[in-house]
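The following exercises are to be worked with the sequence and the structure at hand. Each task is followed by a solution in steps.

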Amino acid sequence: MTGAVEIQNVTKVINGKTIIDGISFVVNKGEVFGFLGPNGAGKTTTIRMMVGLIGITSGDIKISGYSIKKDFEKAVSHVGAIVENPEMYKFLSGYDNLRHFARMSKGITKEKIDEAVQLVGLTDRIHDKVKTYSLGMRQRLGLAQCLLHDPEVLILDEPTNGLDPAGIREIRDHLKVLAREKNMAVIVSSHLLSEMEMMCDRIGIIQNGKLVDVQLVTDFVQQTEKTYVLEVHPKQKSLKLLQDKYAYIPIEKHHDGISITIARDEIPDVIKILVQANIQIYGVKETVKTLEDRFLEVTEQKGEPLHA
């Protein structure tokens, strides 16, 4: 099955320096795909190549089956994008901005403008001047602008930059609706790990211009081995006992007791060892790894630590 967006072994070299190094991935219709990496990793450069703002040194990018290199106009006709901040005429109303943009594309009706406005939740303020809008409202107006021509692919570069928590949640909810109800492929770049975990179906991690990994968010966060915190007394005796028994796995002091990274079905054996040594056990709880925890693990395993 071909994806809505296909990145095919894409490389970008600028002034002799390789900025993007042979990355490949596919984004499907109906999903929110997170493009994750620290500032300077190559996210914006990749997005600029996707929308034709800069050329591709080698490889190709296909949008809805059309090559950006060979069939640019047809490829970008299927894309709605905001790269960095949406630019609007602040002295015009939100509605007049949309009408102005609609004139640049064929077949955008008043009904289509109204539908886009309703979809992003700006109906009550659409006739106010943009200069009175908050940053979150301008982001939503930019999103409405992207949707006027019914794109199959929506590409947003750091869409939650500068937004307050309420604005971030609004954008996140709108993107999920677009993917599910419009069967749109949504690509979102960010360095905000917690947001990507709540927003995306899959993530691709980019570091130093290379694609480190692509996984479902749930698969990426969940691992066979998990870390458990044992609330025990005495703590030092318990620690030595378990370190002697399980010399091959991470066991260390925790402010609530002892943390141990182990498969779930081995927990009963750990408890049995402690009980037989007359250790008092007050509780056992699993610690849930966040996307940030896994992100740092994966990128540090690949070499250089992140400086996001």
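**Exercise 1.** Determine where P234 is found, and state the geometry of the peptide bond that leads from H233 to P234.

*Solution.* In this predicted model, begin with the elements on either side: P234 is found in the loop between β11 (225-233) and α9 (235-245). Next, examine omega for the bond from H233 to P234; its value is near 0 degrees, and the bond is cis.

**Exercise 2.** Locate D150 and N208, and describe the phi angle and the exposure of each residue.

*Solution.* Step 1: D150 lies in the loop between α5 and β7, while N208 belongs to the loop between β9 (202-207) and β10 (210-216).

Step 2: phi is near 55 degrees for D150, a positive value in a residue other than glycine. For N208, also a residue other than glycine, phi is positive and near 50 degrees.

Step 3: partly exposed residues fall between the limits of 20% and 50% relative accessible area. D150 has a value of 48% and is therefore partly exposed. N208, at 48% relative accessibility, likewise counts as partly exposed.

**Exercise 3.** Establish how far helix α5 is enclosed by the rest of the structure, and name what covers its buried residues.

*Solution.* Step 1: α5 spans residues 135-147, which makes 13 residues. From its first C-alpha to its last it reaches 19 Å, close to the 18 Å expected at 1.5 Å a residue.

Step 2: a residue counts as buried under 20% relative accessible area. Of the 13 residues of α5, 11 are buried, so the helix is largely enclosed by the rest of the structure. Among the buried ones are M137, R140, L143 and C146.

Step 3: the cover over these buried residues includes the strands β6 (79-82) and β7 (153-157), together with the helices α3 (94-102), α4 (110-119) and α6 (165-181).

**Exercise 4.** Identify the residues that touch the most other members of the largest nonpolar core, and the element that supplies the largest share of that core.

*Solution.* Step 1: the largest nonpolar core has 42 residues, and L154 and L175 touch the most other members. The largest share of this core, 6 residues, comes from α5.

Step 2: leaving aside residues up to four places away in sequence, L175 touches V32, L143, L154, L156, V186, V188 and M199.

Step 3: another core, of 27 residues, lies apart from the largest one, and its members include I20, V27, V153 and I187.

Terms used
Residues numbered from 1 in each chain as written. Predicted model: local features only at pLDDT ≥ 70, side-chain atom pairs only at ≥ 80, totals over all residues. Heavy atoms only, no water. Helix = DSSP H or I, 4+ residues; strand = E, 2+ residues; numbered from the N terminus. Expected span 1.5 Å × (residues − 1). Buried < 20%, exposed > 50% of the residue type's maximum accessible area, 1.4 Å probe, protein only. Contact = heavy atoms within 4.5 Å. Core = buried A, V, L, I, M, F, W, Y, C linked by side-chain atoms within 4.5 Å.
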